[in-house]
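Open the model in your viewer and keep the selection tool at hand. This tour moves from the whole chain to single residues.

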Amino acid sequence: MARQVLLFVSLLSVRAVFGQVSYTVPEEMAKGSLVGNLAQDLGLQTKRLVSGKARIYTRDSDGYIELNRERGVLLVKERIDREALCRKTTPCALHFQIILDNPMEFYTVTVQITDINDNAPTFEKGEMKFKISESAITGAKFVLERAVDHDVGINGVHRYELKPTDNFSLKLHNNADGNKNVEMVLQKPLDREKQEQISLVLTAVDGGEPQMSGTMLIVITVLDANDNAPVFTQPTYKAAVTENSPKGTVVATVTAADADEGSNGKITYSITNTLDDVRKVFKINKENGEITLIGNIDFEESRRFQINVRASDEGGLTDSCKLIVDVQDVNDNDPEINIMSKSNVISEDAKLNTVVTMINIEDKDTAENGKVQCFISDNVPFILKTSTNNFYSLVTDSDLDRERASEYNITVTCSDEGVPSLSSSVTLTLQISDVNDNAPVFERSSYEAYIVENNTPGLSIFTVKARDADWNQNARVSYILEDSSVNGVPVSSYVSVSADSGVIHAVRSFDYEQIKDFQFRVKAQDGGSPPLSSNVTVKIMIQDQNDNPPQVLYPVQTGGSLVAEMVPRSADVGYLVTKVVAVDVDSGQNAWLSYKLQKATDRALFEVALQNGEIRTIRQVTDKDAVKQRLTVIVEDNGQPSRSATVIVNVAVADSFPEVLSEFTDFTHDKEYNDNLTFYLVLALAVVSFLFITCLVVIISVKIYRWRQSRVLYHSNLPVIPYYPPHYSDTLGTGTLQHVYNYEVCRTTDSRKSDCKFGRAGSQNVLIMDPSSTGTMQRIQSEKSILDEPDSPLELIR
């Protein structure tokens, strides 16, 4: 079997390869027969056909050819009958495309089907009858039916034979369409008296190997004289008809004349076409030769018809002519959009000019009616590029962004240039797949959160939130606490971050007095590959809680010595006895202190200023007032609930030191007695509460745990800076005294006549009674005041 191969390959700039290859095979080949080695002819490797999922694309429903990817060859899939496939059309060919993916390529393949001599010539009728007058002159012509041979070329009808040839001979006329008109010519006059009926055999022989033939019987009845045949006014008529014209439309009228009279001059018209469907589309009025439509005319199926018309008189004489009917095209076919190959998903990082879909457009109309222009919807990052005639490629025209548009519905519309214009459209749905090109973004540029001190470990403080515009795994955000330190301690010992939710938890219990605020950074990282991240600064503000009682700085409470303030009996109303100095390491209103007189030997003699703790006389001191005065002052802060501390202030009402000495010697003994009484009371309370304390073992354990946690926080030794309300004076920056009054006691040789001088600020006389001494009162001079001692709490007073 000989095959002819024609290969033509062209490369285009749209990233798809186009080529053309042609093969020639005979019809009626067995199923599975080799058509051609496609891989070799196209210069492709068989593994490329397999990896590219090579396949045949054809618009026809019948698949005669199949592709074997592994061998790279084309095979006959179904038996090919050229006559059924193409009828008389030559050359007869199958056209299809080979499509490959990754990257997209397509090649046009043409398989030309050659004819073999598998059909014998046949006549439509097995017998044809003529009535011929005996007066027919020599040379009279009689049109015979042509034989039909479905083969073409040399395998078609090659010659005709007529036997016997006593009275008639054959004459053939070649038409422009390649067919032959067969005429029987009278060579010898007929004699009805000798032979009333003549039988002839017409044989049609084709030119194939082996030759095949068909026969038809011709029966001639010899009639009496009719010596004039009909004659058409012209041998060829021309007409035009528009396709889709309604049935009954008059196409043309042919006219013939017969010189005879009577029945011999009556003409009958008929259509003699036998090779095509002319008689299914047209009919002729036997009486007047008017030709009308009886079927549908489609320009796309037949563009021209040749109608053979015969005029016969009653005497059997005939004449013939032909009518050429040209079919005019109208725009009655919408453009057909055929998707050759397409991608349903494309990555958002696809490069420019990436081929997404390949489209083939076909319009069966011709001229302007068949010219098609295609366009796509606006505002999409794609364009249509023309690759070859009626082939388009949809390619990317700009960068894709899934976060801006995750799906595109691209409408491709194709319109022809007919009037009115016809169009068709198809919508392509294209999904944009995600790549990790967006880092998580926090809802705020920085965060601040507040937590009250003494919190329980594990308490949720607040939540940081970041969003990622990507999708699926690329948008899954994890939160990470970045490594840093707070006062030399890793920040992870202060807080933790939930990786999934971004919730920040306190790892420990905070103490405002040790640390007031700290900050750290949280990183949000997505699940892409490679992952993208961003971070944000978080500042935690510790809020104060009233967890510290006031601390009394003055007067100093000592266990071994007794400190007393001396008030002369000549003191007036409002005399400043002393001032209670206290601080609270809390802040804000938790550090606002107030002073109250809880107990006093004589409540009518002294009062305590609510805000500054100054103890003053509220009446004139008299001789009846006891020398020994004991005041209990309570100091409360302004927290909720409030905390307090108490201090005992001993006051000596006397004008001389010997008087004070004698009184306070007993006072020390009373103090020891009171101390012993307090001890026994506490002991009795401890015994009574033993069972209660046992029940609270669990609570005490929790307290011990919190104490241990606070010890860890206190290691930083941060300075305590208490806060005071307005109008409170400063004691070394933190005190509550507005003024400092200093006085010194001057004694003469008569100690009962000592007097008191108010001096400049800088020192104050106090009495210190040592219970272990022999009763001698110690006097501290102003030059060696307690205020001058660096370690004395009174040094804080300015």
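## The whole chain

Start with everything selected: of the 798 residues in the protein chain, 44% are buried (under 20% relative accessible area; exposed is over 50%, partly exposed in between, with a 1.4 Å probe and protein chains only). This is a predicted model, where local features need pLDDT of at least 70 and side-chain atom pairs count only at pLDDT 80 or more, while totals for chains, interfaces and linings use all residues. Residues are numbered from 1 along each chain as its sequence is written, and side-chain values use heavy atoms, with hydrogens and water left out.

Colour by pLDDT, the predictor's confidence in each residue, from 0 to 100. The chain's mean is 81, and 83% of its residues reach 70 or more. Select residues 1-16: pLDDT is below 50 there, and the stretch has 45 contacts in the model beyond near neighbours in sequence. A contact means heavy atoms within 4.5 Å. Now select residues 716-798, where pLDDT is also below 50. This stretch has 163 contacts beyond near neighbours in sequence.

Switch to cartoon view. The chain has 7 helices and 56 strands. These are DSSP runs numbered from the N terminus: helices are H or I, at least four residues, and strands are E, at least two.

## A sheet of three strands

Select β18 (250-253) and β21 (282-284), the edge strands of an open sheet. The order is β18-β22-β21, and the pairing is antiparallel. Two strands pair if DSSP finds at least two bridges between them. β18 and β22 (residues 290-293) have 3 bridges. Click alanine 252: its bridge partner in β22 is isoleucine 291.

## An enclosed strand

Go to β27 (residues 355-362). Why is it largely enclosed by the rest of the structure? The reason is that 7 of its 8 residues are buried. Add β25 (residues 336-342), which pairs with β27 in the antiparallel sense over 6 bridges. Asparagine 338 stands opposite asparagine 360 in β27. Next, add β30 (residues 391-396), which is antiparallel to β27 over 5 bridges. Here isoleucine 359 faces tyrosine 392 in β30.

## Threonine 413

Move on to β31 (residues 407-416) and pick threonine 413. Is this residue buried or exposed? Its relative accessibility is 17%, so threonine 413 counts as buried. Leaving aside neighbours within four places in sequence, its contacts are Gln373, Cys374, Phe375, Ser423, Ser424 and Ser425.

## The largest nonpolar core

A nonpolar core is a set of buried Ala, Val, Leu, Ile, Met, Phe, Trp, Tyr and Cys residues joined through side-chain atoms within 4.5 Å. The largest one has 30 residues. Show Val495, Ile504, Phe518, Phe520, Val522, Val538 and Ile540, which touch the most other members. Several strands supply at least two core residues each, among them β42 (517-526) and β43 (533-543). In soluble globular proteins, nonpolar side chains tend to be buried together.

Centre on isoleucine 504. Beyond four places in sequence, the residues that isoleucine 504 touches include Leu459, Phe462, Val495, Phe520 and Val538.

## Valine 635

Finish in β51 (residues 628-637), at valine 635. Valine 635 is buried, with a relative accessible area of 0%. Its contacts, leaving aside neighbours within four places in sequence, include Pro550, Val580, Leu593, Tyr595 and Arg643. Where does leucine 610 sit relative to valine 635? The two are 25 residues apart in sequence and 9.3 Å apart in space, C-alpha to C-alpha.
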